[in-house]
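The exercises below are meant to be worked with the sequence and the coordinates side by side. Try each task before reading its solution.

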Amino acid sequence: MDFEPLNIENEVMEFDASGSMEDDTATLDVENHDDDYERDYNDESFESSNPSMSNVLLTHNGEEPNLEPYEGMEFDSEQAARIFYNSYARRIGFSTRVSVYQRSRRDGSIICRQIVCSREGFRREGGENRSKRQRTITRVGCKAQMTVKKQSSGKWAVSKLVKEHNHELVPPDKVHCLRSHRHVSGPARSLIDTLQAAGMGPSGVMSVLIKESGGINNVGFTKVDCQNYMSSSRQRSLGSGGQIVFDYLKQMQAEDPDFFCAVQGDFENLTGNIFWADPNSRMNYNYFGDTVTFDTTYRTNRYRVPFAPFTGWNHHGQPVLFGCALLLNESESSFVWLFQTWLAAMSGRYPISITTDQDRIIRAAIVQVFPETRHRFCKWNVLREAQEKLSDVYHARPNFEVEFQKCINVTETIDEFESCWESLLQRYDLGDNEWLQSMYTARHQWVPVYLRDTFFGEMSINQGSDNINSYFDGYINASTNVQVLIKQYEKAIATRYEKEVKADYDTINTLPVLKTPSPMEKQAANLYTRKIFMIFQEELVETLAYPATIIDDTGSETMYRVAKFGEDHKTHFVRFNIFEKKASCSCQMFEFAGIICRHILAVFRVTNVLTLPTHYILKRWTRNAKSGVLLDQCTLGLPSDSQESSAARYDNLRQEAIKYVEEGAESVPIYNVAMAALQEAAKKVAAAKKHGSGVHQSALDNGSPQLQSYSLDQDKEIQALTAELENASQQCEAYRAKLSAVLKNLEEQKLKISVKVQNVRLNLRS
């Protein structure tokens, strides 16, 4: 079988899926293709948003995925249609490329796109100097195609479909040779880099890849592609644009000592891996660093720039940045260096969870650097790899993909998943499939039912890792080069900051519409940010349709059965301790997302728990998520002279002031002590402003005796102030002790009342 070598460099396809489908006249354009050019759908920029195949295959009415295209079939976007058709082509046995499209005359947006078989049309006749070598004839005038048009609703619908081909289709064991189904994936790149660094040549590398993949059909590319990648990797560097990046990082580090930057390798020759994190990224990690995503989209989508950010979620559920890397080498040692460097920049604080792709090299590095952190694979990447590794099954048994995704996404318990998985393997005779065996062994790292006991900060368990959390969507993609990287990086940061400010403003200055008279809803409206409150409100309102029934009562703990009215087959179980007001639900939404679920709220409703207990209010989701005390300077890993930065001084004072206000407002006596101390401090700050600068300047001019005398006076004053502060602290502690005694007494009274209530209930039952 003849095929062209796969070009490792990016082949950028620009498109605009915006605009509305009006009755305006559209212009017709034709893509500019070489004779034997075929688009690589698996790797191209239209996949930069990483839509999951489960989303791509959904029709407009939310029905189950349909693996056969048909006229009228709808997609959420043009790129979703492309991905679907290329996936269909892989199963059938042909390659695809984009062809003609129509643009709207009103706004220039694309409103119609034709996707064709790669053997459509005929080679254009060229002049004598067009090419000296004889090319294999690949265009035979095949009519197979799918045309999609944008609807007024914003959806894209199939307006024309031709399934018949005028040539033989490629059998499953050779489909990996077709252009649109070949790519050197991220995991393969890491393995190639590691083996190449060990001195292994292309033949040896391919032998390892074939063995690791379970056969040449599952590698996903050819030996020629491997040779091209290894050849290009020897020459990889940031090129001339690298100087722009280095100059920017040096400038930022000079302007702010809290700007973190590190380079692995040769700094001067611009060939080393780079990591940086600005002060805001480091500060945000202290607030929202409980869960982290390492975004390696550049590896699967063949970005021109190997740009990999660390991201998370802020208190509005928006992506937040924790640092960025440029990786010119993808060996295990490079990832270990990167993770260690990032951890150092983040003060050595380990996250609770981290999400990456399932690459074996990254997994090994994670184990070394984050031994106690829960590691999750991006589910979208797993499903994408399944299409490559199970291409024969997808082609021969079209229903397998639907059932495979159901087994992963729909099962709600571990037992249900295990049973479904076993049934799937038996029904399709896949018990000996090595890839499925390996993914089953790693099921605790990517199947949703195994991940519910760990915080990942996502609003839905099945949403988790469908697509990687990309902070730079719309700013950095496959067409971005090094020359414009920093400009796009700063644009993204500015836009994200504006969105966070807007969300803060909406939370503070607009009142949400309450849907119930519940005190708990009002409490949540005042605590949570607007987006998080809306999620909580939905859970609270849903409790009206979820009756809670006692199925076991031991006195201290009660077990409730909670199910939606009319859906008894979907049951959850809540264990509730009425004295501690602590509950645990089988859905584990609180553990996974940090927001209490409707099932526990239903139990609260029947047990008259009218307000949210404090242990169910996760501060990272509240409007005050960024208030309170940060770690001290040593723990933050900031330089000892960080007070030289006005931003650092301002932030330190602000954090201490917030702490002071929170403690000083606890009671009237403490408030009086705090106010008196604050007034005294204000006088001393005014005195320091009056005399401090002049004395400091004299110290620069000469070591005069006046300065020494002033220093002695200053020491005495500091000692006096320290004594006053100690006295005030003792008074505060006394008031706090009294307050604690009162609160303890109240809790004891509440406990006695609760016991009496419980006894009355028991008497009534008997």
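A charge is said to sit over a ring if NZ of Lys or CZ of Arg is within 6 Å of the ring centre and within 35 degrees of the ring normal. The model is predicted, so local features need pLDDT of at least 70 and side-chain atom pairs count only at pLDDT 80 or more, while totals for chains, interfaces and linings use all residues. Residues are numbered from 1 along each chain as its sequence is written, and side-chain values use heavy atoms, with hydrogens and water left out.

**Exercise 1. Charges over rings**

Find which ring Arg376 lies over, and at what distance from the ring centre; then do likewise for Arg620.

Solution. Arg376 lies over the face of Phe456, at 4.2 Å from the ring centre. Arg620, in turn, lies over the face of Trp621, where the distance from the ring centre is 4.5 Å.

**Exercise 2. The protein as a whole**

Determine how many helices and strands the protein has, and what share of its residues is buried.

Solution. Taking helices (H or I, at least four residues) and strands (E, at least two) as DSSP runs numbered from the N terminus, one finds 24 helices and 17 strands. Of the 766 residues, 48% are buried, where buried means under 20% relative accessible area, exposed over 50%, and partly exposed in between (1.4 Å probe, protein chains only). Contact means heavy atoms within 4.5 Å, and among the contacts with a separation of 6 or more, 67% come from residues 24 or more positions apart.

**Exercise 3. Helix α14**

Check whether the span of α14 is in agreement or disagreement with its number of residues, and work out which of its residues are buried.

Solution. First, the length: the expected span of a helix is 1.5 Å times one less than its number of residues, so the 14 residues of α14 (residues 414–427) should span 20 Å, and the end C-alpha atoms are indeed 20 Å apart. Second, burial: Phe417, Trp421, Leu424 and Leu425 are the buried residues of α14. Viewed down the helix axis, these buried residues fall within an arc of 95° and therefore line one face of α14, the arc being that of the directions from the helix axis to the C-beta atoms. On the other side of α14, Asp415 and Gln426 are exposed. Third, the surroundings: the buried residues of α14 pack against α13 (399–409) and α15 (434–441). After α14 comes Asp429, which has a positive phi near 55°.

**Exercise 4. Phe404, a partner in α13**

Establish what Phe404 touches beyond four places in sequence.

Solution. Phe404 has its place in helix α13 and is buried, with a relative accessible area of 1%. Residues up to four places away being left out, Phe404 touches Leu383, Ala386, Tyr394, Trp421, Leu424, Trp435, Leu436 and Trp446. Phe404 and Leu424 are 20 residues apart in sequence, and their C-alpha atoms are 7.4 Å apart in space.

**Exercise 5. The nonpolar cores**

Identify the residues with the most contacts inside the largest nonpolar core.

Solution. A nonpolar core is a set of buried Ala, Val, Leu, Ile, Met, Phe, Trp, Tyr and Cys residues joined through side-chain atoms within 4.5 Å. The largest has 56 residues, and those with the most contacts inside it are Trp276, Phe307, Phe339 and Trp342. Helix α9 (residues 332–345) gives the most to this core, with 8 residues. A second, separate core of 38 residues includes Leu451, Phe576, Met589 and Ala593.

**Exercise 6. Aromatic pairs**

Classify the pair formed by Phe310 and Phe339.

Solution. Rings of Phe, Tyr and Trp (its six-membered ring) pair if their centres lie within 6.5 Å, and planes under 30 degrees apart count as stacked, over 60 as edge-to-face and the rest as tilted. The whole structure holds 37 aromatic pairs. In the pair of Phe310 and Phe339, the centres are 6.3 Å apart and the planes at 80°, which is edge-to-face. Because Phe310 lies in strand β10 (residues 307–313) and Phe339 in helix α9, the pair ties together parts that are 29 residues apart in sequence. Phe310 counts as buried, at 0% relative accessibility. By contrast, the rings of Tyr394 and Phe400 have centres 5.8 Å apart and planes at 55°, so this pair is tilted.
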